[in-house]
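Work through the exercises below with the model open. Each task is followed by a stepwise solution.

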Amino acid sequence: MIKLAPSLLAADYLRIGDEVRLARDAGADYLHFDVMDGSFVPPITFGADLVKRVATVGLPVDVHLMIEHAERHIETFARAGARIITVHAEAVTHLHRALQQIRDAGCLAGVALNPATSPECLRYVLGDFDLALVMSVNPGYGGQKLIPACVDKVTEVRGMLNAAGLEAIVEVDGGVNLETAPAIARAGADLLVAGSAFYGAKDPVAFAEQIKRIG
């Protein structure tokens with residue numbers, strides 16, 4: 001069964017507590033937390049203090065660090081209550097070391113790949129990560145349309161993991177909705193991030209139920 005991680009990026013910030021509880025009560029598996037630094041991606045978003053607060057709601061927090069020098073902030077987000085911490089292969093100087101840091105901090109370690117980034121870099125850290133995040137839009141903004149070629153990348157990443165006998169999670173973020181999710185799931189994804197599609201749905205609970213029935 002497909003798992004769902006609503007992205008807090010698309011939530012109503014004036015009702016942040018209610019929005020987090022909505023995701024939990026809808027049966028979401030994780031809360032996706034986009035951390036942006038205004039450098040690796042244009043906007044600036046959330047910090048570890050907010051992670052600490054939303055983690056108390058009881059939904060595991062999936063922290064996506066869209067920041068440069070992410071290795072400097074791993075311990076901070078781990079202490080704040082992150083369950084998963086994902087860094088971009090393009091944004092850390094030593095990917096293997098950063099993944100070790102995440103695991104040493106007691107979190108699941110993720111590697112994110114931008115749309116134009118080859119999955120080939122994953123071959124050199126196979127076994128050192130617990131999650132591969134395929135970005136199906138360019139990171140930084142919610143509400144974008146899925147880049148179709150990224151679905152093939154999901155297939156490639158899943159095939160790479162299967163060939164190595166590994167069961168790491170394949171997560172997809174960007175343009176996920178009820179129309180695109182079936183193809184993404186067929187390509188081999190396990191965990192789908194949905195921001196605008198979840199929080200913008202007329203019935204987010206029904207949306208979550210439909211997503212989780214896919215595959």
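**Exercise 1. Strand β6**

Determine how far strand β6 (residues 131–135) is buried, and find its partners.

Solution. Step 1: count. Five of the five residues of β6 are buried, so the strand is largely enclosed by the rest of the structure. Buried means under 20% relative accessible area, exposed over 50%, and partly exposed in between (1.4 Å probe, protein chains only). Strands (E, at least two residues) and helices (H or I, at least four) are DSSP runs, numbered from the N terminus.

The model is predicted: local features need pLDDT of at least 70, side-chain atom pairs count only at pLDDT 80 or more, and totals for chains, interfaces and linings use all residues. Residues are numbered from 1 along each chain as its sequence is written, and side-chain values use heavy atoms, with hydrogens and water left out.

Step 2: split the faces. In a regular strand the side chains alternate between the two faces of the sheet. On one side of β6 sit Leu131, Leu133 and Met135, on the other Ala132 and Val134; all are buried.

Step 3: find the partners. Two strands pair if DSSP finds at least two bridges between them. Strand β5 (residues 108–113) runs parallel to β6, joined by four bridges. Val111 has Ala132 of β6 as its bridge partner. Strand β7 (residues 169–173) is also parallel to β6, with five bridges. Here Leu133 is matched with Glu171.

Step 4: assign the crossover. β6, helix α5 (residues 149–163) and β7 make a right-handed β-α-β unit. Right-handed means that, with the strands pointing away from the viewer, the path from the first strand over the helix to the second runs clockwise.

**Exercise 2. The nonpolar cores**

Which residues have the most contacts inside the largest nonpolar core?

Solution. Step 1: define the set. A nonpolar core is a set of buried Ala, Val, Leu, Ile, Met, Phe, Trp, Tyr and Cys residues joined through side-chain atoms within 4.5 Å.

Step 2: read off the leaders. The largest core has 67 residues, and Phe33, Val63, Leu65, Ile85, Phe129, Leu192 and Phe198 have the most contacts inside it. Its largest share, five residues, comes from α5.

Step 3: look for a further core. Another core of eleven residues lies apart from it; among them are Ile84, Ala112, Ile169 and Val193.

**Exercise 3. Strand β2 and Asp62**

Describe the setting of β2, then ask whether Asp62 is with or without a salt bridge.

Solution. Step 1: check burial. Six of the six residues of β2 are buried, so β2 is largely enclosed by the rest of the structure. Leu31, Phe33 and Val35 point one way; His32, Asp34 and Met36 point the other way.

Step 2: follow the pairing. β2 and β3 are parallel and pair over six bridges. His32 has Asp62 as its bridge partner in β3. With α2, these strands make a right-handed β-α-β unit.

Step 3: inspect Asp62. Asp62 lies in β3 (residues 61–66). Asp62 is buried yet has no salt bridge. A salt bridge needs a side-chain nitrogen of Lys or Arg within 4 Å of a carboxyl oxygen of Asp or Glu. The nearest side chain of opposite charge, Arg83, is 10 Å away. Lys and Arg count as positive, Asp and Glu as negative; His and the chain ends are not counted.

**Exercise 4. A loop residue**

Where is His69 found?

Solution. Step 1: His69 is in the loop between β3 and α3 (74–80). Step 2: its phi is near 55°, a positive value in a residue other than glycine. Step 3: His69 counts as partly exposed because its relative accessibility is 33%.
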